[in-house]
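I opened my notebook to look through this model with a chemist's eye. These are my entries, in the order I made them.

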Amino acid sequence: MLKNIIKYSALLGAFLFCTTLKAQYTQSSYSAFGIGDVNWGGYSHNAGMGGFGISYNNRLFFNNLNPALVATNYDAIFQIGTSFDSRTYNNGDKSYSSFTGGFKDFAFSLPIKYGKWNMALGLSPYTSVNYGILQTSDGPDNSTLLSQLNGNGGIDEAYMTHALRLGNFLVGLKTSYLFGSIERDTEFLLTGIPAITFSSTIYNERRSFSDVTANVGLAYKIELKENHALNLGAFYNLEANVRSRNLTKFESQDINGNTFSSDTLKNNVDSEISIPQRIGFGISYEKSQRFAVGIDVQTQAWSQYVDESGQTSSDFGDAFRIAVGGELLPNYEVSKSGPRITYRFGLHYERTPYLVNSQEVNDFGINFGTSLPLNAFWGVSNLNLGVTFGNRGNVTDGLIRENYLKLSIGFSLQDQTWFARQKYN
């Protein structure tokens with residue numbers, strides 16, 4: 001028992017440490033809108049299945065898509081993930097590439113009452129802002145006005161989940177604290193005038209966010225025949241009225257980069273934004289510890305998003321995401337035929353919330369993944385890999401086409417000794 005206390009104290013310490021980390025795990029020029037790019041949920045093993053996982057979860061891994069499925073983890077689970085994003089942008093005239101990546105998410109689940117009641121703590125991104133856009137226009141006296149738009153940050157979600165198992169019926173409640181900040185800079189630079197006495201003017205805006213919200217999930221398993229089942233799952237994420245604090249500054253710099261004029265336009269002015277409710281449904285078919293296949297649908301009415309001014313915006317429409325995926329486990333038990341490797345596949349289609357010149361921005365991707373067993377000093381551990389080849393947007397009607405490659409790398413550990421009766425101590 002003492003060893004268990006030491007182990008889980010160390011994992012809890014790792015969780016508290018990870019909550020202080022902030023990394024840009026993804027990027028998109030469309031994250032310039034609103035509060036950024038929406039995270040639809042899922043860990044590295046879900047990424048290999050296109051984000052599928054509302055109705056199904058392998059008990060060796062943690063699931064944050066549906067809080068009810070935390071009850072599938074009979075044993076304690078520790079999981080951490082990173083993500084890397086390589087992207088090429090094309091507006092029809094020019095193209096350029098960028099790369100980003102880093103820490104993405106963390107979770108720790110443990111049984112309170114074995115087989116009946118599980119609790120989990122986690123940290124994951126809710127939205128992400130990461131973009132850089134350069135615009136040019138004609139200025140006075142044959143000069144050129146350069147506008148450099150940059151943004152970074154996002155909203156994170158720290159959560160606690162409780163899930164109960166009532167026979168084949170699972171129910172879960174996730175309570176979340178949303179927090180984070182988004183910083184946007186717009187720098188104006190006038191070039192082509194020799195007698196110019198200034199270099200640039202910078203408009204800087206920083207918004208900080210905080211609020212609590214909740215997510216309720218349900219799941220039900222219909223036994224068809226031995227080791228075969230049909231799984232149903234659904235969740236409902238409440239609308240969130242998020243507090244927003246705005247700090248806006250305006251400054252001018254000389255040709256040497258020194259600030260000679262600075263004005264504070266808004267000094268920590270409080271307001272509120274309204275993030276719409278999110279609903280998800282899923283259905284899957286599985287043969288226990290052999291294979292699973294299914295489909296998920298998530299919807300969110302971003303046309304009802306309310307910004308800091310208390311207004312809805314024509315830049316947002318209703319969003320939805322469809323994921324079709326599955327996993328295959330050829331060798332459930334380690335034998336001469338090979339190690340216990342899980343293979344995954346999936347497709348996803350997403351209508352993003354963004355409307356550019358009244359045109360929808362759509363996202364499509366092909367996904368592959370695997371879990372490789374590792375030798376752990378306790379429990380069962382896996383290295384989880386997910387790869388996505390996708391594209392977003394197009395080059396017509398003022399849109400930007402983004403072709404991307406995402407790599408998700410995660411580590412999961414299942415501890416099977418938490419409730420084991422010790423013979424010697």
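The entries below go from the whole chain to strand pairs, salt bridges and two single residues.

**Entry 1: the whole chain**

I began by noting that I am working with a predicted model. I looked up the secondary structure and found two helices and 17 strands in the chain. Next I asked what share of the 425 residues is buried. I got 48% for the buried residues. For the accessible surface I noted about 19,900 Å², with 57% of that area belonging to carbon and sulfur atoms. I also checked contacts between residues at least 6 apart in sequence, and 66% of these join residues at least 24 apart.

**Entry 2: strands 5, 6 and 7**

I then followed strand 6, residues 169-191, to its partners. With strand 5, residues 144-166, strand 6 pairs in the antiparallel sense, and I counted 23 bridges there. One position I wrote down is Gly154, which stands opposite Ser181 in strand 6. The hairpin of these two strands has two residues between them, and in it Gly167 takes a positive phi near 70 degrees.

How many bridges join strand 6 to strand 7? I found 21, and these two strands also run antiparallel, with strand 7 covering residues 200-225. For Asp185 I looked up the bridge partner in strand 7, and it is Asn204.

**Entry 3: salt bridges**

My count of salt bridges came to 16. I looked at three of the pairs in turn.

The pair of Arg206 and Glu183 has its closest N and O atoms 3.6 Å apart. Arg206 belongs to strand 7 and Glu183 to strand 6, so this salt bridge ties together parts that are 23 residues apart in sequence. Both ends are partly exposed: I read a relative accessible area of 34% for Arg206 and 25% for Glu183.

Glu350 and Arg321 came next, with 3.9 Å between the closest N and O atoms of their salt bridge. Glu350 sits in strand 14 (residues 342-356) and Arg321 in strand 13, so the pair links parts that are 29 residues apart in sequence. Are these two residues buried or exposed? I found Glu350 buried, and Arg321 is buried too.

Then I turned to Arg392 and Asp363, whose side chains meet in a salt bridge at 3.0 Å, N to O. Arg392 lies in strand 16 (residues 380-392) and Asp363 in strand 15 (residues 359-374), so parts 29 residues apart in sequence are tied together here. Arg392 counts as buried because its relative accessibility is 4%, which is under the 20% cut-off. Asp363 counts as buried as well, at 3%. I added that salt bridges sharing partners join Asp37, Asp363 and Arg392 into one network.

**Entry 4: Lys249**

Where does Lys249 lie? I placed this residue in strand 9, which spans residues 240-253. Lys249 is partly exposed, with a relative accessible area of 32%. Leaving out residues up to four places away in sequence, I listed what Lys249 touches: Ile202, Tyr203, Asn204, Asp263, Thr264 and Leu265. I took the C-alpha distance for one of them, Ile202, and got 8.2 Å across 47 residues of sequence.

**Entry 5: Ser314**

I closed with Ser314, in the loop between strand 12 (291-300) and strand 13 (319-328). Ser314 is exposed, because its relative accessible area of 64% is over the 50% cut-off. From Ser314 to Asn357 I noted 9.1 Å, C-alpha to C-alpha, for two residues that are 43 apart in sequence.

Key:
Residues numbered from 1 in each chain as written. Predicted model: local features only at pLDDT ≥ 70, side-chain atom pairs only at ≥ 80, totals over all residues. Heavy atoms only, no water. Pairing = 2+ DSSP bridges. Helix = DSSP H or I, 4+ residues; strand = E, 2+ residues; numbered from the N terminus. Buried < 20%, exposed > 50% of the residue type's maximum accessible area, 1.4 Å probe, protein only. Contact = heavy atoms within 4.5 Å. Areas by Shrake-Rupley, 256 points an atom, 1.4 Å probe, with all protein chains shown as cover. Salt bridge = Lys/Arg side-chain N within 4 Å of Asp/Glu carboxyl O.
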